[in-house]
Amino acid sequence: MALSMLLSIITSSCDESSREFWFQTPPEIHPDAPYKFGIIGDLGQTYNSLSTLQHYMQSGADAVLFVGDLSYSDRYQYNDVGIRWDTWGRFVEQSTAYQPWMWSAGNHEIEFMPYMDEVVPFRNFLHRYPTPYLASKSTNPLWYAIKRASAHIIVLSSYSPFVKYTPQWTWLEEELKKVDREKTPWLIVLMHAPIYNSNEAHFMEGESMRAAFETWFVQYRVDVIFAGHVHAYERSYRISNIQYNVTSGDRYPIPDKSAPVYITVGDGGNQEGLAGRFLEPQPDYSAFREASYGHSMLEIKNRTHALYHWNRNDDGKKVPTDAFVLHNQYWGGNLRRRKLNKHHLRRTIQPITDKFLLDSE
Ligand SMILES: [Fe+2]
């Protein structure tokens, strides 16, 4: 496996205020390439946002999967909108200047503001945060896919058409066929509005996308789906509701080993505050939920195992609160696991077990 390189960029070489940035080139695509993703959503620019960013940066991750709602500039008017986008850009520069952040758009990026003659949705977001959408044959920067290390990441737009025959639907149908789990075992999907969440805030807003795409997510055995939007943390069990078809079938989600884990990380810390009211009793599909600011971390170890944890900010330091070992949906099954070298699992599991014992001390 080729080693990644450190490259530097100097912003201007002819004046004293020139600044030097650097970044690590990504590792070669390989099924066992380890990689550390941070997951951040609904960040905004408050003291809580700063804690989230600082705790994320302490983790030493390689890249951020950002699940939408960046600057919250749409809460301002006229010139202040652009000023807020600028301040947010400067705020996150401490990380974004040195490593990739993969963007997905939230409702606060729409900025449809006819009262100030702004009628082109997503104008500021698209102008300031370009995405590599052409590389995955997407026709729109709001939905695209990238391959990184051992992961294939699909970014969807909750606020663009996605029903059958629309460009996003057609693109996703083709993109899922291209996923090669032999080369990129980890299949991760990002969106803004969560499909499974039990908070009173924004409840059911992801239901239309669930109806459009859930069957594919199960069919292609997506490992994990990250969303934001709800300003609280929640993780689901592996469940699906694909047998429900309005006129027949069980209308409740049921345990489904082929289904993704759904994780909501909309708790970056923006000025709207936390969504503190959950539906009671906690639904069976909800594994863990807590209204605290924080971020998540997905540490891919190899093709079969990844460590996941959610860190909440409240404790004044980076504290892993919800943690589990994610088994790959393609390589984790008995059939393929048997094909692996017999020492592979021992080599894999031992360091993970050691780390968890250390963390829990
Ligand atoms: Fe949102």
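Thr131 counts as buried because its relative accessibility is 11%, where buried means under 20% relative accessible area, exposed over 50% and partly exposed in between (1.4 Å probe, protein chains only). Thr131 sits in the loop between helix 3 (123-128) and strand 6 (144-148). Leaving out residues up to four places away in sequence, Thr131 touches Trp103, Pro141 and Tyr144; contact means heavy atoms within 4.5 Å. The side chain of Thr131 reaches the backbone oxygen of Pro141 at 2.8 Å.

The model is predicted: local features need pLDDT of at least 70, side-chain atom pairs count only at pLDDT 80 or more, and totals for chains, interfaces and linings use all residues. Residues are numbered from 1 along each chain as its sequence is written, and side-chain values use heavy atoms, with hydrogens and water left out.

The protein chain has 7 helices and 17 strands, taken as DSSP runs (H or I, at least four residues, for helices; E, at least two, for strands) numbered from the N terminus. Of its 361 residues, 51% are buried. Among contacts between residues at least 6 apart in sequence, 70% join residues at least 24 apart.

The iron ion has four protein donors, lying 2.1 to 2.2 Å from it. Donors are N, O and S atoms within 2.8 Å of the metal (3.2 Å for Na, K and Ca); water is not among the atoms, so sites may look incomplete.

| Donor residue | Donor atom |
|---|---|
| Asp69 | OD |
| Asn107 | OD1 |
| His192 | NE2 |
| His229 | ND1 |

The arrangement is irregular because the 4 donor atoms subtend angles of 88 to 167° around the iron ion. Four donors count as tetrahedral if all angles lie between 85 and 135 degrees; four count as square planar and six as octahedral if opposite donors are over 155 degrees apart and all others between 65 and 115; anything else is irregular. The donor spacing in sequence is D-x37-N-x84-H-x36-H. Asp69, in the loop between strand 4 (63-66) and helix 2 (79-96), and His192, in the loop between strand 8 (186-190) and helix 5 (207-219), are 123 residues apart. Both Asp69 and His192 are buried.

Helix 1 buries Ser49, Thr52, Leu53, His55 and Tyr56. These cover an arc of only 165° around the axis, so they lie on the same side of helix 1; the arc is that of the directions from the helix axis to the C-beta atoms. They pack against strand 3 (35-40), strand 4, helix 2, strand 5 (101-103) and strand 15 (294-300). Exposed Tyr47 and Gln58 are on the face turned away from the buried side. After helix 1 comes Gly60, with a positive phi near 70°.

Note on methods. A polar contact is a pair of N or O atoms within 3.5 Å; within protein, one must be able to donate a hydrogen and the other to accept it, and residues adjacent in sequence count only if both atoms are side-chain atoms.
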